[in-house]
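Please open the model in your viewer and keep the sequence panel beside it, since the tour moves from one selection to the next. Each stop says what to select and then what is found there.

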Amino acid sequence: MSKKLLFLSSTNLSSNPRLLKELKFAVKQGYNVDFVGFKLGNWSDKIDDETIKNINANFHYISITRKPFIKWFVSSINRKLTQKIYPYFKNKIKINAYAHSKSSILLNKYLKSNTKKYDLVIAHTLATLYPAYMFAQKTNTKFIFDIEDYHVGEVISHDSENEKERRKFLMKNILPKASFISYASPLIGEHSLKLLTKNNIKNHSLINNCFSQTEFQFKENNSKKIKIIWFSQNICKGRGLELIIPVLEEFKNMVEVNLIGNLYQGFYETFLNQYSDMINIIAPLPQKELNLKLSEFDIGLAIELNSADFNRQICLTNKIFAYAQSGLYVLATDTKAQEQFLQEHSQLGISVKQDYEFIKKEMGSIIKNILEIRKKKKERFNYAQKLSWETESEKLNKIWNYELGITN
């Protein structure tokens with residue numbers, strides 16, 4: 001009988017490509033896989049419905065929307081109540097978890113009623129940390145936690161000081177209970193492990209945000225205009241477009257800018273609309289379709305801002321790997337993580353200061369040297385194969401085998 005794995009997320013698979021890769025790999029390895037995530041009530045739900053049709057696993061989605069109303073209302077009241085009483089119970093794990101996220105409340109309730117037995121629980125996103133820990137305790141199961149972002153360093157819009165302390169508390173007190181910890185960039189790992197005492201640090205490993213090389217294709221581009229691409233789940237303010245788009249407009253007769261994602265209409269009306277003659281907006285695409293499409297472009301924009309939050313300074317997003325694996329020339333801002341990455345893999349592109357004039361100068365150089373950049377696309381494509389999911393999944397396989405007691 002194959003080993004049973006339970007994957008947990010406080011979002012869905014379309015919004016969590018890192019987990020999707022792991023889940024598909026687990027299925028390919030022959031594990032019996034269950035996934036519990038959330039219906040978000042937005043564009044990503046429809047893509048999820050299509051995605052899971054081709055995956056041999058069991059899927060259960062909890063609604064985070066107002067339907068069913070009673071469940072939403074009770075969990076909302078529960079969260080507000082725990083936030084009110086939090087100052088008096090700061091050392092209680094459950095209070096910290098419930099005040100942190102309504103998803104933790106809903107997921108924990110669902111898992112309490114789950115009678116299935118698993119050999120390993122694999123949790124992604126901070127809101128699953130407490131429910132995964134409680135379920136693992138109840139069922140005497142090991143659990144792994146993946147740190148996709150440094151949540152303590154993210155922008156927090158409501159009750160920020162208390163919320164930051166709650167996140168620290170949850171990580172400090174529950175991460176040591178995990179059997180293994182993985183993380184999405186070297187610096188995210190470094191800063192997350194600093195929260196733990198040396199005696200509490202468990203086995204841990206970097207798992208890069210790359211993709212299977214089979215999802216990419218090499219394609220030459222000889223178009224008159226230089227084709228530039230940026231993608232994200234959402235096309236909205238605060239993601240660096242306000243910095244880069246005005247620079248690119250200086251070269252609008254020579255470039256074509258493509259943005260893939262869910263467009264916020266307000267952002268279009270207040271900012272993007274004035275540059276509409278050089279911008280193409282493309283609706284969100286499923287992961288594999290998106291990765292295949294990237295081959296059409298020349299330059300990939302990885303525009304993270306130091307001013308956004310500390311997490312953006314130390315993360316390595318899936319887009320920088322996707323650009324590299326497509327053979328694109330990466331133009332990245334000089335956050336700590338991206339600068340470190342491009343110092344290590346200098347043939348993949350350049351990092352630039354987050355300054356209008358500096359980016360303009362480098363963009364001028366790119367345009368001047370575009371024939372050479374295009375000529376080396378195949379070289380970059382071949383080089384990036386060592387960054388592929390095929391390499392990272394071998395690490396994952398060793399981790400799972402160890403935790404499951406499987407010997408080769």
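Begin by selecting Phe-7, which is buried, with a relative accessible area of 0%; bear in mind throughout that this is a predicted model. Now add Trp-400 to the selection, which at 1% relative accessibility also counts as buried, the limit being under 20%. Phe-7 and Trp-400 form an aromatic pair that is edge-to-face, with 6.1 Å from centre to centre and 70° between the planes. Because Phe-7 lies in strand E1 and Trp-400 in helix H18 (residues 389-404), the pair ties together parts that are 393 residues apart in sequence. A search of the whole structure finds 16 aromatic pairs.

Which residues form one aromatic cluster with Phe-7 and Trp-400? Extend the selection to Phe-25 and Tyr-31, and the cluster of Phe-7, Phe-25, Tyr-31 and Trp-400 is on the screen. Phe-25 has its place in helix H1 (residues 17-28), and with 8% relative accessibility it counts as buried. If you display what surrounds Phe-25, leaving out residues up to four places away in sequence, you will find that it touches Trp-389, Ser-393, Leu-396, Asn-397 and Trp-400. For a distance to check in the viewer, take the C-alpha atoms of Phe-25 and Asn-397, which are 8.9 Å apart in space although the two residues are 372 residues apart in sequence.

Go next to Ser-212, in the loop between strand E7 (203-206) and strand E8. Is this residue buried or exposed? At 12% relative accessibility, Ser-212 counts as buried, since the limit is under 20%. Apart from its neighbours within four places in sequence, Ser-212 is in contact with Gln-325, Trp-389 and Glu-390, and a polar contact of 2.6 Å joins its side chain to that of Glu-390. Select Ser-295 as well, and note that its C-alpha atom is separated by 15 Å from that of Ser-212, the two residues being 83 residues apart along the chain.

From there, turn to the sheet, colouring its strands one by one. The 6 strands form an open sheet in the order E10-E9-E8-E11-E12-E13, and the pairing is parallel. Strand E10 (279-282) and strand E13 (349-352) stand at the edges, each with a single partner strand, so one side of each is left without a neighbour in the sheet. From one strand to the next, the twist averages 25°. Zoom in on strand E12 (residues 329-333), which pairs with E13 in the parallel sense over 4 bridges; Thr-333 has Val-352 in E13 as its bridge partner. Then show helix H13 (residues 318-326), which packs on the sheet and touches strand E8 (226-235), strand E11 (299-302) and E12, its direction making about 150° with that of E8.

Another stop is Arg-312, whose place is in helix H12 (residues 310-314). At 17% relative accessibility, Arg-312 counts as buried. Which side chain does Arg-312 meet in a polar contact? The side chain of Glu-304 is joined to that of Arg-312 by a polar contact of 2.9 Å. Not counting residues up to four places away in sequence, Arg-312 touches Arg-239, Glu-304, Leu-305, Thr-317 and Thr-335.

Select helix H5 (residues 102-112) next, which is mostly covered, with 8 of its 11 residues buried. Among the buried residues of H5 are Ile-105, Leu-106, Leu-107 and Leu-111, and also Lys-102 and Asn-108. Showing their surroundings brings up strand E1 (4-8), strand E2 (32-39), strand E3 (58-63), helix H3 (69-85), helix H4 (93-100) and helix H6 (129-139), against which the buried residues of H5 pack. The N-terminal end of H5 is capped by Ser-101, which has a side-chain oxygen 3.0 Å from the backbone nitrogen of Ser-103.

Finish with the nonpolar interior. The largest nonpolar core has 101 residues, and those with the most contacts inside it are Phe-143 and Ile-245. Centre the view on Phe-143, whose contacts beyond four places in sequence include Leu-120, Val-121, Leu-129, Tyr-133, Ile-174 and Phe-180. A second, separate core has 24 residues, including Leu-19, Trp-389, Leu-396 and Leu-404.

Methods. Residues are numbered from 1 along each chain as its sequence is written. This is a predicted model: local features need pLDDT of at least 70, side-chain atom pairs count only at pLDDT 80 or more; totals for chains, interfaces and linings use all residues. Side-chain values use heavy atoms; hydrogens and water are left out. A nonpolar core is a set of buried Ala, Val, Leu, Ile, Met, Phe, Trp, Tyr and Cys residues joined through side-chain atoms within 4.5 Å. Buried means under 20% relative accessible area, exposed over 50%, partly exposed in between (1.4 Å probe, protein chains only). Contact means heavy atoms within 4.5 Å. Two strands pair if DSSP finds at least two bridges between them. Helices (H or I, at least four residues) and strands (E, at least two) are DSSP runs, numbered from the N terminus. Axes are lines fitted to C-alpha atoms, for helices over the stretch in contact, and angles run from 0 to 180 degrees between N-to-C directions. A polar contact is a pair of N or O atoms within 3.5 Å; within protein, one must be able to donate a hydrogen and the other to accept it, and residues adjacent in sequence count only if both atoms are side-chain atoms. Rings of Phe, Tyr and Trp (its six-membered ring) pair if their centres lie within 6.5 Å; planes under 30 degrees apart count as stacked, over 60 as edge-to-face and the rest as tilted.
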